[in-house]
Amino acid sequence: MAKQQELYSNEWQNRIRTEDFFSSSWAKPVFDNFDESGWVYLSKIREWFAEFPFVSPHQSKHMRNRLESLNTEDHLGAVNELFWYNLATFLGWRLKPLSVEVTAPDFEVSSPACFYCEITTLNVSQSDRGQFKKGLSAPLNHGRGVARILRKATDEKKDQLKYGYDRQKPSILVVFDYSLFSGLGTQRPRFLADTLLHSASGLQAMPKELSALLYLERYVSKGKFYLRLSQSAVYHNPLSDFSVEREVFNWITQFVLSEYKEIPPQSIEDLLIV
């Protein structure tokens, strides 16, 4: 069997610089700063990819194609799966990926509790992109962002959440925010809590298959991967039939319905995931 080519090989690096979408993709800033931080970024992804416990060659190929894609959304989605796996491992969790050949969540967690995780990314909206193309600014609209997150739980990811429900286990939707205003300290985590747990429309919108929504903001600094805990939180769904113990999330801010309670994490320092 031929040896699999290395992720982000020299051949790939030379080829993608000549492709049409290179200048507008995630790869452009990486290669613009390749000697300082770009190589650190690619090397870490390469390391995570090599250590990831793929369940099949098909899954490995699928992940590779997304990681090397010049489509920024595809690339970010794949990186977020790797980041989540390494974040969970950093926390001491035991988890394994599930097959991409069936409609299932991305991961099954066996410790510190048993539940499923589906990973998704909130990218820049089409309307905000349209504003930029017109040379206009995009207004901050938390309501629209929260509505997009809820659509993921009720529409885009409903089958993945149902997978856990049918097996009578909790299901977590992990949302990585890359929309326009992520990283700006805009209090979106608090607004999300107000909408989900302090309004009738928010409570009614959360499906019973969703045990909790985990909202994360990761960022890259000098090629290294961080989780911004001050802008991340978990929201426990009081209408879910299968819940996850709060102790599982003692590392992050938690919002629960009982007395509309906010449970602070053990620390708010950003986490470097290596």
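**View 1. Helices α3 and α5 pack against each other in this predicted model.** Their axes lie 10 Å apart and make an angle of about 65 degrees. The crossing of α3 past α5 is left-handed. From α3, the contact uses Y41, I45, W48 and F49. From α5, it uses H75, V79, L82, F83 and N86. Seven of the residues in this contact are nonpolar and two are polar, with no charged residues. Two numbers set the scene here: packed helices are described by the angle between their axes and by the distance between those axes.

**View 2. Helix α4 crosses α5.** Helix α4 covers residues 57–68. The axes of α4 and α5 come within 7 Å and cross at roughly 125 degrees. That angle makes α4 oblique to α5. This crossing is left-handed. On the α4 side, the contact residues are M63, R66 and L67. They meet D74, H75, G77, A78, V79, E81 and L82 of α5. By class, the contact of α4 with α5 has five nonpolar, two polar and three charged residues. Look at the spacing along the helices: residues three or four places apart point the same way, because an α-helix has 3.6 residues a turn.

**View 3. Three strands build an open antiparallel sheet.** The strand order is β6-β7-β11. Strands β6 (218–221) and β11 (271–273) stand at the edges. Each has a single partner strand, so one side of each lacks a neighbour in the sheet. On average, neighbouring strands are turned by 35 degrees against each other, direction ignored. Strand β7 spans residues 224–227 and pairs with β11 over three bridges. In one of the pairs, Y226 has L272 of β11 as its bridge partner.

**View 4. Helices α3 and α5 both meet the three-stranded sheet.** Helix α3, residues 34–51, packs on the sheet and touches β6, β7 and β11. Its direction makes about 75 degrees with that of β7. Helix α5, residues 72–90, lies across β6, β7 and β11. It runs at about 110 degrees to β11.

**View 5. Strand β4 is largely enclosed by the rest of the structure.** The strand covers residues 171–177. Seven of its seven residues are buried, so little of β4 is left uncovered. S171, L173, V175 and D177 point one way. I172, V174 and F176 point the other way. This fits a general pattern: in a regular strand the side chains alternate between the two faces of the sheet.

**View 6. Strand β4 pairs with β3 and with β5.** Strand β3, residues 115–122, runs parallel to β4, and seven bridges join them. E118 has L173 of β4 as its bridge partner. Strand β5, residues 212–216, also runs parallel to β4, joined by five bridges. Here I172 stands opposite A212 in β5.

**View 7. Helix α9 is mostly covered.** This helix spans residues 188–197. Seven of its 10 residues are buried. They are R188, P189, L192, A193, T195, L196 and L197.

**View 8. A cis peptide bond joins S111 to P112.** Its omega is near 15 degrees. P112 is found in the loop between β2 (107–111) and β3.

**View 9. E245 comes within 7.8 Å of A113, C-alpha to C-alpha.** In sequence, the two residues are 132 residues apart. E245 sits in the loop between β8 (233–236) and β9 (253–256). Its relative accessibility is 46%, so E245 counts as partly exposed.

**View 10. Y8 and K222 both have positive phi values.** Neither residue is a glycine. Phi is near 55 degrees in Y8 and about 55 degrees in K222. Their surroundings differ: Y8 is buried, with a relative accessible area of 0%, whereas K222 is exposed at 70%. Y8 lies in the segment before α1 (10–16). K222 lies in the loop between β6 and β7.

**View 11. The whole protein has 10 helices and 11 strands.** Of its 274 residues, 53% count as buried. Consider the contacts with a separation of 6 or more: residues 24 or more positions apart account for 64% of them.

Terms used
Residues numbered from 1 in each chain as written. Predicted model: local features only at pLDDT ≥ 70, side-chain atom pairs only at ≥ 80, totals over all residues. Heavy atoms only, no water. Pairing = 2+ DSSP bridges. Helix = DSSP H or I, 4+ residues; strand = E, 2+ residues; numbered from the N terminus. Axes fitted to C-alpha atoms, helices over the stretch in contact; angles between N-to-C directions. Contact = heavy atoms within 4.5 Å. Buried < 20%, exposed > 50% of the residue type's maximum accessible area, 1.4 Å probe, protein only. Parallel < 35°, antiparallel > 145°, perpendicular 65-115°, else oblique. Left-handed = near helix turned anticlockwise from the far one by under 90°. Nonpolar A, V, L, I, M, F, W, Y, C, P; charged D, E, K, R; others polar.
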